[in-house]
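Let's walk through this one piece by piece. Have the viewer open and follow along.

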Amino acid sequence: MTLSDSYARCEAYEVFNGTGRGGALILCEHASHRIPHRYGDLGLAEADRQSHAAWDPGALALAKALSDALESPLIASRISRLVYDCNRPPEAASAMPAKSELIEVPGNVDLTDAQRAERTHTVYQPFITAVSRMIEARSAEGLPTALITIHSFTPVYYGTPRAVEIGILHDSDSRLADAMLAQAPALSQRRVERNEPYGPADGVTHSLRIHGLENGLANVMIEVRNDLLRTAQEEAQMADELLTLLRPALAALQTEGGPSA
C-alpha cells in the first residue's frame, strides 16, 4: 500500500483518506454487519443480523469524522464480526463466535479447520495486511503515527445496564490513553473510564498488540456506548467530544518525542 490513493475498497476492507498525513491511523474493525453470500445468513434472524452482535452501530460514522478532523487514514472492515472478528487472532474462539452474548450463531457451530482457514484467509488476513502496509508506508515517509481503534458497545449487557459512556482502553502501552484521560475533566458531562467496559483480560486488545505494540506505536482503543450514537447529530457531537481528548493528547505525545517510540 502507498499513500497515493485517498480511497480504496475490496471485499474485506475499505480505506478512507488514505493520503492523510495527520498523526494517526484509525481502525474500525466492526464497521459493517454485511455477511457475504457464501456464508448464507449464518442461521440468524434478520434482527440479529442487524444487531450489535453483528457490528458496532455508529462506529464507522464516528471513525470517519475523526479521520476527516485529524486528516488521518481510516481502515474499516466491510464484513460482519460474526463472520470473522478482525480484532481477534485466528486461534481465538471469539474470532468466529458460536454465540454472541445471548444470540446463538448456528452458522458458526462446529466449523471445520478448512472453514476457519477460509475465513481467516479472505477476511482477517486482507484486513491486517492492509493495516501493516499503511504503517509501513507512513514510516517510509517519516510520518508520526498513533494507532486509534474505534468501537461502540451496547448499553445493556446480559441484562445489566452499563453506566460508562466512553471507555479509553489500552494494553501495556498506556501513553495515549493516559494523555487522553488527563483531558477527561473537559468532558465533565460524560462518564469516561479506563479499560471499561472491557480491558486486556477480555481479549479486546488484539489490534493494539499486533499493530501498535509490535511497531512501537502509541495506541488506544476507544469504546462509545451506542445509545449515544443513534443519529447523525449525536455522532457528530461525540466526534467533537472525542477530539477534545484526542487533539491535546496527540500533541502532548509529539512534544514528548512522537507517537511512534
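How many disulfides does the structure hold? The count is 0, where a disulfide is a pair of cysteine sulfur atoms within 2.5 Å. Before going further, some ground rules: this is a predicted model, in which local features need pLDDT of at least 70 and side-chain atom pairs count only at pLDDT 80 or more, while totals for chains, interfaces and linings use all residues. Residues are numbered from 1 along each chain as its sequence is written, and side-chain values use heavy atoms, with hydrogens and water left out.

Back to the cysteines. Cys10 makes no bond because its sulfur sits 10 Å from the closest cysteine sulfur, in Cys86, which is too far. Cys86 is in no disulfide either, with the sulfur of Cys10 as its nearest at 10 Å. Cys10 is partly exposed at 29% relative accessibility, whereas Cys86 is buried, at 1%. For the cut-offs, buried means under 20% relative accessible area, exposed means over 50%, and partly exposed is in between (1.4 Å probe, protein chains only).

Cys86 also turns up around Ser207, which lies in helix H5 (residues 206-212). Helices here are DSSP runs of H or I with at least four residues, strands are runs of E with at least two, and both are numbered from the N terminus. Ser207 is buried, with a relative accessible area of 1%. Setting aside residues up to four places away in sequence, Ser207 touches Leu27, Glu29, Cys86, Asn87, Leu147, Thr149 and Gly212; contact means heavy atoms within 4.5 Å.

Now for the greasy parts. A nonpolar core is a set of buried Ala, Val, Leu, Ile, Met, Phe, Trp, Tyr and Cys residues joined through side-chain atoms within 4.5 Å. The largest such core has 41 residues, and the members that touch the most others are Ile148, Ile150, Ile168, Leu176, Met180 and Ile222. Two or more residues each come from elements including helix H2 (59-70), strand E7 (146-153), helix H4 (175-181), strand E12 (219-225) and helix H6 (232-255). H6 gives the largest share, 9 residues. Take Met180 as a sample: beyond its neighbours within four places in sequence, Met180 is in contact with Ile168, Val220, Ile222, Leu245, Leu246 and Ala249. Another core, of 40 residues, lies apart from that one, and Leu27, Val123, Ile128 and Leu147 are among its members.

H6 deserves its own look. With 24 residues, H6 reaches 34 Å from first C-alpha to last, close to the 34 Å expected at 1.5 Å a residue (the expected span being 1.5 Å times one less than the number of residues). There's a kink of about 30° in H6, centred on Leu243, where the bend at a residue is the angle between axes fitted to the seven residues ending there and the seven starting there. Leu243 is itself one of the buried residues of H6, along with others including Leu242, Leu245 and Leu246. The cover over the buried residues of H6 includes H2, E7, E10, H4 and E12.

Helix H3 (residues 113-140) has 28 residues and spans 37 Å, close to the 40 Å expected. H3 has a kink of about 35°, centred on Thr120. Thr120 is buried, as are Arg119, Arg138 and other residues of H3, including Val123 and Ile128. Strand E2 (13-16), E3, E4 and H5 are among the elements covering them. After H3 comes Gly142, with a positive phi near 75°.

Which backbone spots should you check by hand? Glu196 and Pro197 are joined by a cis peptide bond, with omega about 0°, and Pro197 is in the loop between strand E11 (192-194) and H5. Asn17 has a positive phi, near 55°, and sits in the loop between E2 and E3.

Last, the charges. A salt bridge is a side-chain nitrogen of Lys or Arg within 4 Å of a carboxyl oxygen of Asp or Glu, and the count comes to 17. One of them pairs Arg191 with Glu193 at 2.5 Å, N to O; Arg191 is partly exposed at 44%. Another joins Arg49 and Asp41 at 3.9 Å, with Asp41 partly exposed at 37%. Glu11, Arg38 and Glu118 are linked in a network of salt bridges.
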